[in-house]
Amino acid sequence: MLLSLRAATVRFGGRAVLDAVDLDVAEQEIVCVLGPSGSGKSTLLRAVAGLQPLDAGRVLLDGHDQSGVPAHRRGVGLMFQDHQLFPQRDVGGNVAFGLRMHGASRVRQAERVGELLDLVGLPGASGRAVAALSGGEQQRVALARALAPRPRLLMLDEPLGQLDRSLRERLVVELRELFGRLGTTVLAVTHDQGEAFALADRVVVMRDGRIAQSGTPLEVWQRPADAFVARFLGFENVVEAAVGDGAAVTPWGKVPVPDGAPQGTRTLLVRPAGVRLVPVEEGLRCTAVARTFRGTHVTVHLQPEDAPRLEAACALRAAPEVGDEVGVEFDEAEIAVLG
Amino acid sequence: MAVPVAFFAVFFAYPVTAIVARGLKTDGTWQLGRIGDVLAQSDVRQVLWFTTWQALVSTALTLLIALPGAYVFARFDFAGKQVLRAVVTVPFVLPTVVVGTAFMALVGRGGLLDELWGVRLDTTVWAILLAHVFFNYAVVVRTVGGLWAQLDPRQEEAARMLGASRFAAWRTVTLPALAPAVAAAALMVFLFTFTSFGVVQILGGPTFSTLEVEIYRQTSEIFDLSTAAVLTMIQFVAVGSVLALHAWTVRRRETALRLVDASVTARRPRGAGQWALLGAVVATVAVLLLLPLAVLVERSFGAGGLGYYRTLTEDDGGVFLVAPIEAVGNSLQYALAATAIAVLIGGLAAVALTRRDAGRLVRGFDALLMLPLGVSAVTVGFGFLIALDEPPLDLRASWILVPLAQALVGVPFVVRTMLPVLRAVDVRLREAAAVLGASPWRAWREVDLPMVRRALLIAGGFAFAVSLGEFGATVFIARPENPTLPVAVARLLGRPGDLNYGQAMALSTILMIVCAVALLVLERLRTDRTGEF
């Protein structure tokens with residue numbers, strides 16, 4: 001394992017911001033830590049970087065305990081949330097900083113700066129002032145700066161957080177491609193699930209300083225570990241249910257569940273696509289109370305009598321108007337029994 | 001941290017304690033009864049009363065005259081604003097002796113007003129009050145105006161949208177935000193005027209005397225050390241309480257205000273009322289700040305053009321052992337050395353104070369660093385003489401004594417200028433450097449130093465100007481053959497005759513020009529973030 005955390009704990013005034021976290025990152029793996037703000041994900045990065053001392057537990061790099069190793073000797077790279085480019089240096093000076101600290105010759109520095117600026121798509125920008133860069137360009141410079149000393153582990157703190165949506169979607173693809181090509185090991189944190197799923201080989205969801213779930217993007221998306229993860233991923237139709245053989249009893253009535261689902265009192269997730277609209281008399285009677293246009297489909301909020309609201313994804317043409325009465329059926333393929 | 005503490009212990013606490021002990025200790029026992037005896041003297045009580053009320057009146061007068069100026073500088077945009085801002089600040093760095101001399105030339109015997117209308121104010125308290133306003137105008141304009149300019153006008157707009165009238169919006173939103181800054185400025189002015197020495201020494205005549213002047217008189221003329229010691233302690237307590245109040249208001253000012261870039265809040269004056277206000281402020285600056293200086297320059301040329309300046313180069317063998325002009329060289333050398341010391345000590349202290357893990361103790365040190373601003377400079381100077389005269393610290397014969405004393409006064413300015421800038425350096429920039437492989441020292445050199453270099457220059461400039469004008473301590477420890485400019489001016493003024501008077505004016509003018517040049521250079525370097533002064 002390139003990076004291992006063993007029961008890593010950080011407390012701020014009695015509150016555990018990292019609570020006995022165990023995490024492994026393998027060589028060339030891209031791991032994305034996903035969680036709401038305050039879940040301890042930035043602290044995780046700072047602890048690995050050596051900027052935040054651990055109150056308990058250990059950080060190991062290549063199997064070597066890092067306690068007592070100061071930040072500048074750990075050989076890891078960190079790209080800060082708001083980039084933290086050095087304002088008094090130009091682009092080249094920023095990118096070359098790490099190389100200078102490692103005693104690279106001037107010629108070597110210039111070579112590598114040129115190489116990296118090409119890599120991040122800013123050829124010839126070496127002499128530009130940092131203040132004159134756009135947000136996306138700053139992000140690229142920060143990336144080039146972090147990559148320049150060839151860190152064994154590259155960490156990204158909300159790498160695309162402050163960029164606008166279209167740029168973010170383009171950059172995330174570029175980043176994944178780039179890291180794949182360079183064989184970089186990456187540990188990134190973000191609160192944006194889209195970003196995490198697009199970037200990562202493995203997603204780690206954090207909650208209150210603990211790891212709530214770890215798995216491939218597909219695994220996490222298909223089977224969230226618990227109600228918290230499901231809701232954090234944006235799912236609304238999450239309820240307690242008594243799961244029996246082949247069906248579960250929920251506030252919405254009887255709902256079919258996939259074969260082999262664990263039985264007993266469980267948390268049940270119905271993905272919006274699993275809420276099918278049928279004529280009123282053929283299913284659960286609901287009133288449409290809100291609709292949101294999503295581009296490829298429409299999200300409709302449905303209010304049954306005496307039960308929590310349901311979120312349904314409908315095709316554009318089939319979507320009911322607000323106030324319409326509809327019936328609802330459930331599709332077993334889009335239902336998951338959690339935990 | 002250890003270096004500044006040691007510096008203050010040896011060159012501040014030790015001399016001051018030594019002289020207080022000398023005054024109050026006989027045969028090894030403290031004579032604390034002396035405190036009561038001294039306080040019972042009616043002339044001492046009179047000095048105390050005068051010191052307090054003149055400081056209060058000076059402060060009120062300064063606020064009254066300078067607050068409109070603060071508003072104009074904060075909210076109006078007009079041609080020549082930068083120049084006017086610099087002009088306003090010049091008096092603050094002027095040596096007290098120069099200010100005294102300038103007001104002498106304006107309102108004193110044979111002064112401009114005397115010649116024109118036969119009006120003389122030098123025997124009244126008005127001369128002192130006006131000189132104090134002259135001095136401290138910049139303190140109010142800078143501290144209050146600086147904050148005012150950064151208050152977001154949209155806050156007031158938000159209040160107006162919620163139904164507040166223009167005045168109600170100002171009273172409920174802007175005024176509370178400004179109040180701590182006004183309080184801090186007022187306390188600063190009070191402190192400076194409470195401990196006023198040079199101005200009162202020159203303009204007060206035999207009638208008016210502040211604590212500081214009285215300490216000087218008791219020490220150097222009457223040789224009553226125990227009275228001087230008691231007075232020093234009284235001043236120490238008074239200044240200590242004012243500083244504590246000041247630290248408190250500063251802390252309040254630092255909290256919870258949303259500040260914006262000053263350049264976006266100013267706009268051109270609109271309507272007759274605002275133009276009249278601007279005109280009034282400009283007129284005030286012209287009459288109150290520029291006129292005395294102009295008169296000073298005019299007097300220095302006297303009847304015969306450059307005559308007074310020419311005689312400065314001659315060794316008259318009377319007042320000095322050397323030609324008065326040599327005081328210029330002395331002053332510059334001393335001030336440079338003092339600046340180096342002040343920047344080193346103050347810089348180290350500021351760095352120690354910015355560390356995030358700085359505890360209560362260190363933060364207490366912050367307030368302690370301000371003490372030399374208020375503790376009797378005369379006491380410090382005399383304390384140097386009697387305390388630093390034994391090995392291993394026998395510095396009496398050393399030239400370094402003068403710069404050391406001057407540096408003490410410079411350090412608070414350095415700390416105050418450096419602190420906000422150092423605090424503004426984002427720790428994460430340092431962390432970014434660390435992650436890229438920079439050791440802590442290397443990170444400081446690569447990240448902090450380039451950002452604070454300007455502030456360091458400005459701090460140095462302030463220390464230089466302050467050292468150049470330092471009078472109270474220097475007058476004691478400067479050797480007769482090596483006077484500084486302020487000391488030379490005071491000595492010349494103390495002698496009768498037109499030539500001495502003219503020479504004093506000429507030397508003052510030179511001193512003023514040196515200080516003004518230093519300040520104008522600084523003004524070009526200044527950013528809005530740097531410091532309170």
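I began with the charged pair across the chains, and found that Arg89(A) forms a salt bridge with Glu446(B), the closest N and O atoms being 2.7 Å apart; a salt bridge here is a side-chain nitrogen of Lys or Arg within 4 Å of a carboxyl oxygen of Asp or Glu.

I noted that this is a predicted model, in which local features need pLDDT of at least 70, side-chain atom pairs count only at pLDDT 80 or more, and totals for chains, interfaces and linings use all residues. Side-chain values use heavy atoms, with hydrogens and water left out, while residues are numbered from 1 along each chain as its sequence is written and chains are lettered from A.

I then looked up the count of salt bridges between chain B and chain A, which is 4.

Next I turned to the side of chain B that touches chain A, where H19 and H20 of chain B each supply at least two residues, helices being DSSP runs of H or I with at least four residues, numbered from the N terminus. H19(B) gives the most to this side, with 7 residues.

For the whole contact I recorded 18 residues from chain B and 24 residues from chain A, contact meaning heavy atoms within 4.5 Å.

Finally I checked how the two helices of chain B meet each other: Leu429(B), Arg430(B) and Ala433(B) in H19(B) touch Ala443(B), Val447(B), Asp448(B) and Met451(B) in H20(B). The axes of H19(B), residues 427-435, and H20(B), residues 440-469, come within 9 Å and cross at roughly 145°, with axes fitted to C-alpha atoms over the stretch in contact and angles running from 0 to 180 degrees between N-to-C directions.
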